[in-house]
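Q: Please take a close look at one part of this structure and go through it slowly, in plain words. I would like to know where that part lies and what surrounds it.

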Amino acid sequence: MQKKVPMRMCTGCGEMKPKRELVRVVKSPEGEISLDLTGRKPGRGAYVCPDAGCLKTARKKRSFERTFSCQIPDEVYDRMEEEIAAHE
């Protein structure tokens, strides 16, 4: 029997993809927002393709602000863009 693959939606492009292919963005219980490349950090998670274009789209649509219901400073986005560029 085939194992079920967990699917998640990219907050940038809106496509459903296997969870393994996406990068998790997490808001920790302390309110800190960061990339979670391991997928193991505690907190509220949202997923984005490991692609700078999708992250830019999510930033423009303010998807993460809506998901985490808080303002996200530009430095956080800049750091996420750098980490995704290094991850590609």
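A: S69 lies in the loop that links helix 2 to helix 3. The model is predicted, and in it the phi angle of S69 is near 40°, a positive value in a residue other than glycine. S69 has a relative accessible area of 64%. The cut-off for exposed is over 50%, so S69 counts as exposed.

The residue just before S69 in the numbering is F68. If neighbours within four places in sequence are set aside, F68 is in contact with V25, V26, K27, I33, R44, G45 and A46. Strand 3 covers residues 23-27 and strand 4 covers 33-36, while strand 5 covers 44-48. F68 also belongs to the largest nonpolar core, which has 20 residues. The residues with the most contacts inside this core are V25, V48, F64, F68, I72 and M80. At least two core residues come from each of strand 3, strand 4, strand 5, helix 1, helix 2 and helix 3. Helix 3 supplies 4 residues, the largest share of the core. As a general background, nonpolar side chains in soluble globular proteins tend to be buried together.

At the other end of helix 2 (63-68) is the loop between helix 1 and helix 2, where R62 is found. R62 comes just after helix 1 and takes a positive phi of about 55°. R62, like S69, is a residue other than glycine with a positive phi. R62 has a relative accessible area of 47% and is partly exposed.

Next comes helix 1 itself, which runs over residues 52-61. Its buried residues are C54, L55 and A58. These residues lie on the same side of helix 1, because they cover an arc of only 100° around its axis. Among the elements that cover them are strand 5, helix 2 and helix 3.

A58 and F64 also turn up in the surroundings of T11, a residue in the loop between strand 1 (7-9) and strand 2 (16-18). Leaving out neighbours within four places in sequence, the contacts of T11 are A46, Y47, V48, A58, K61, S63 and F64. T11 has a relative accessible area of 16%. Buried means under 20%, so T11 counts as buried although it is in a loop.

Two residues away from the helices can be set beside T11. E30, in the loop between strand 3 and strand 4, is exposed at 70% relative accessibility. E30 is 13 residues from G43 in sequence, and their C-alpha atoms are 8.9 Å apart in space. V5 is in the segment before strand 1 and is partly exposed, at 45% relative accessibility. V5 and P18 are also separated by 13 residues in sequence, with 6.4 Å between their C-alpha atoms.

Last, there is the largest pocket, with a volume of about 300 Å³. Its lining has 15 residues, and those nearest its centre are K19, R20, L22, T38 and G39. By type, the lining is made up of 7 nonpolar, 3 polar and 5 charged residues.

How values were computed
Residues are numbered from 1 along each chain as its sequence is written. This is a predicted model: local features need pLDDT of at least 70, side-chain atom pairs count only at pLDDT 80 or more; totals for chains, interfaces and linings use all residues. Side-chain values use heavy atoms; hydrogens and water are left out. On a 1 Å grid over the protein atoms alone, a cavity is a set of points where a 1.4 Å probe fits but cannot get out, and a pocket is an open set with protein on both sides within 12 Å along at least five of seven lines; lining residues have an atom within 4 Å of a point. Grid points are joined across faces, edges and corners, and a volume is the space filled by probe spheres set on the points. Ala, Val, Leu, Ile, Met, Phe, Trp, Tyr, Cys and Pro count as nonpolar, Asp, Glu, Lys and Arg as charged, and the others, Gly among them, as polar. Buried means under 20% relative accessible area, exposed over 50%, partly exposed in between (1.4 Å probe, protein chains only). The arc is that of the directions from the helix axis to the C-beta atoms. Contact means heavy atoms within 4.5 Å. A nonpolar core is a set of buried Ala, Val, Leu, Ile, Met, Phe, Trp, Tyr and Cys residues joined through side-chain atoms within 4.5 Å.
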